[in-house]
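Open the model in your viewer and keep the selection panel at hand. The stops below go chain by chain.

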Amino acid sequence: MFYAIWKKWPFLFKFRFILGLILVIIIGLFLYLKVLPFGSISYSRDYTSSWQLGKGFINNFTPAERIDIKNGEGAVLLGDPVYFSLFTPRTFDKAKITIIYKDNLSIDTPLIEAGVLADNVVWRYNLRPIDNKALDYLMLRWNKITESGKLLLQKENKYTNISDFEKDLNVNNLNSCVGHLNECLVVYNYDFDYKYRIPNYQPAMPLVVDQPLRGAHQFYVYLNNETLNLEFNLVDLNLSPKAAPINIVVYSGSEIIASENLVDENLNPASGKTEEKKIVINKKNLPAGVYKVDVRVSDDIVIKKIISSLDHLAFINKVWPVSNDRNLKIYTDSNHLQVKALNPASLQTIVYAGDPFLLNETYKQFDFKTDSALNAKEIDLNKADVILENDGVFSFAQDSLFNPGLEKASSYFSVKTDAKYIIANYEKPIEQEGFKTATVELNLKGAYRENGKYSFMISVPGLKADDGIKDNLEIYKIKIELEGRTLWQKIWE
Amino acid sequence: MAKDLGVISREIFYFFSILLFSAIILEIIWPNIILAYFNINYIFSAAFISGLISLTKK
């Protein structure tokens, strides 16, 4: 039938018909690639090839000074961290990133992680492991059990499978673990409902943190039959043209139990006119235990004062004290301290656990270490406006310091640990002819996406471009497999 | 023969022109929908060359 009609058509009509059909197919193909009705797609970038037909989906690494791109030799990461964005025509729920790389890293940089930007207010990335050399090392020396992406390392062979270990872990009764769980267990990329209790806890006295702190902070509080009452006095510096909303969230484990928001109408953008703000959180009849408070603000906000009904209050991983004209004592439980000064007036000699350390350059991260066996190491600052970071907790009073978190097999972790068990969600990268291939699965639900782009980070803690050490990470290929809802699911839901 | 070539090159010029126009419209509606895969300059070049051929064969 069609053939008979086709034969009757003149040549020009047939030619136009074919070209028209090709046009419809091309436009249809691009519309299909926009909608992706089956909900999955894979994008990749080969860094050994400089030629691309289009702009591509995986954009260049930034900042440029931490990257050295040589044609045909891949992208060489010189400093930590580096970022890249991924353009996607629609949203997705999951991303599986496969990275082919060669690692020329020293023993001081045992960790490589990748993650997606989850929170654009405080620039928080959800990081997942690519390579953890400490675990790779212990996998060869300790008893190893792997089950569906989980890894259990035991100094002595006490468990034959991970489910038995997890059963005991959930009731806080690990085999041969007499003391506190913190003393015999190390975790990495592993979450569980850990019920921390302070032994011989005395009823709390009110506590005032009268030290201004700039930007986002997280802290733990501990209560036992007490009311959680937190009063935050905050100051919007209005140095940035952007609005500075305030969001304070209280978590019990991973569950949100209270949340307060303060919208910024941004009436004085970049004016330098300060605005005072106040947020009060009050929760009664809370079960005993640890609560995490997340103050999600930009660097335009200073937490001027925190008035707390609870005296066990410890800041997690970071404090940024500002506006201080007196000597400041801060306590930490960690034997490592990273310090960065953003202001030349803040350069000084810091005393950390009794040892002096010179902070003589701005915008440079200094790493200080101590062998002190004290639970609370004192940090003496004679000038504020320095960012203090480590893998532990900080407090402004020695009695406030407590760390309910378990030790993590992070970049500070020593393989000479006293722990008996290590539990992790981790798979060692596959190594072939000097090239390593690692896969990371990331949850994109709730990940921040701007102008159709997700932002990713590759982190090698301790890797510095300007330290004179010839260590780097050569990335040859990145492949990102995305999965999301199908068109039918979108229509029916 | 030259006349046929002229007609064919003209039709190809129309094809690339419509494709270029459609690609620009799609890019305006959904940025990067085409540019991520394919540089539109290539379509513009093809339209330009086919247009020149069509003029010379007229």
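How many helices and how many strands does chain B have? Select chain B and colour by secondary structure: there are two helices and zero strands. This is a predicted model.

**Stop 1: chain B on its own**

Hide chain A for the moment. The radius of gyration of chain B is 13 Å, whereas the globule rule gives 10 Å for 58 residues; the value is well over the rule, so chain B is more spread out than a compact globule. Turn the C-alpha trace to its principal axes and the spans come to about 40 × 15 × 15 Å. Colouring by burial marks 19% of the 58 residues of chain B as buried. In a contact map of chain B, consider the contacts with a separation of 6 or more: 66% of them join residues 24 or more positions apart.

**Stop 2: where chain B touches chain A**

Bring chain A back and select the contact between the two chains. Chain B contributes 18 residues to the contact and chain A contributes 17. On the side of chain B that touches chain A, 14 residues are nonpolar, three are polar and one is charged.

**Stop 3: the domains of chain A**

Next, colour chain A by its domain assignment. Domain 1 covers 2-35, domain 3 covers 195-311 and domain 4 covers 323-399. Domain 2 needs a selection in two pieces, 40-133 and 427-492. Place a centroid on the C-alpha atoms of domain 2 of chain A and another on those of domain 4 of chain A; the centres are separated by 32 Å.

**Stop 4: a five-stranded sheet in chain A**

Select strands S8, S9, S29, S10 and S28 of chain A, which in that order form an open sheet with mixed pairing. At the edges are S8 (143-147) and S28 (407-408) of chain A, each pairing on one side only. Inside the sheet, zoom to residues 150-154 and 421-425 of chain A: these are S9 and S29, paired antiparallel over five bridges. Which residue of S29(A) stands opposite A:Leu153? Label A:Ile422, the residue across from A:Leu153.

**Stop 5: A:Lys464**

Finally, go to the loop between strand S33 (453-459) and strand S34 (472-483) of chain A, where A:Lys464 lies. Why does A:Lys464 count as partly exposed? A:Lys464 has 18 C-beta neighbours inside 10 Å, and a residue is buried only if that count is 20 or more and exposed if it is 12 or fewer. Draw a distance from the C-alpha of A:Lys464 to that of A:Asn247: the two residues are 217 apart along the chain and 33 Å apart in space.

Technical notes
Residues are numbered from 1 along each chain as its sequence is written. Chains are lettered from A and ligands numbered from 1 in the order in which they are written. This is a predicted model: local features need pLDDT of at least 70, side-chain atom pairs count only at pLDDT 80 or more; totals for chains, interfaces and linings use all residues. Domain bounds come from an automatic or database domain assignment. Two strands pair if DSSP finds at least two bridges between them. Helices (H or I, at least four residues) and strands (E, at least two) are DSSP runs, numbered from the N terminus. Two residues are in contact if their C-beta atoms, placed from the backbone, lie within 7 Å. Ala, Val, Leu, Ile, Met, Phe, Trp, Tyr, Cys and Pro count as nonpolar, Asp, Glu, Lys and Arg as charged, and the others, Gly among them, as polar. The radius of gyration is taken over C-alpha atoms; the globule rule is 2.2 Å times the number of residues to the power 0.38.
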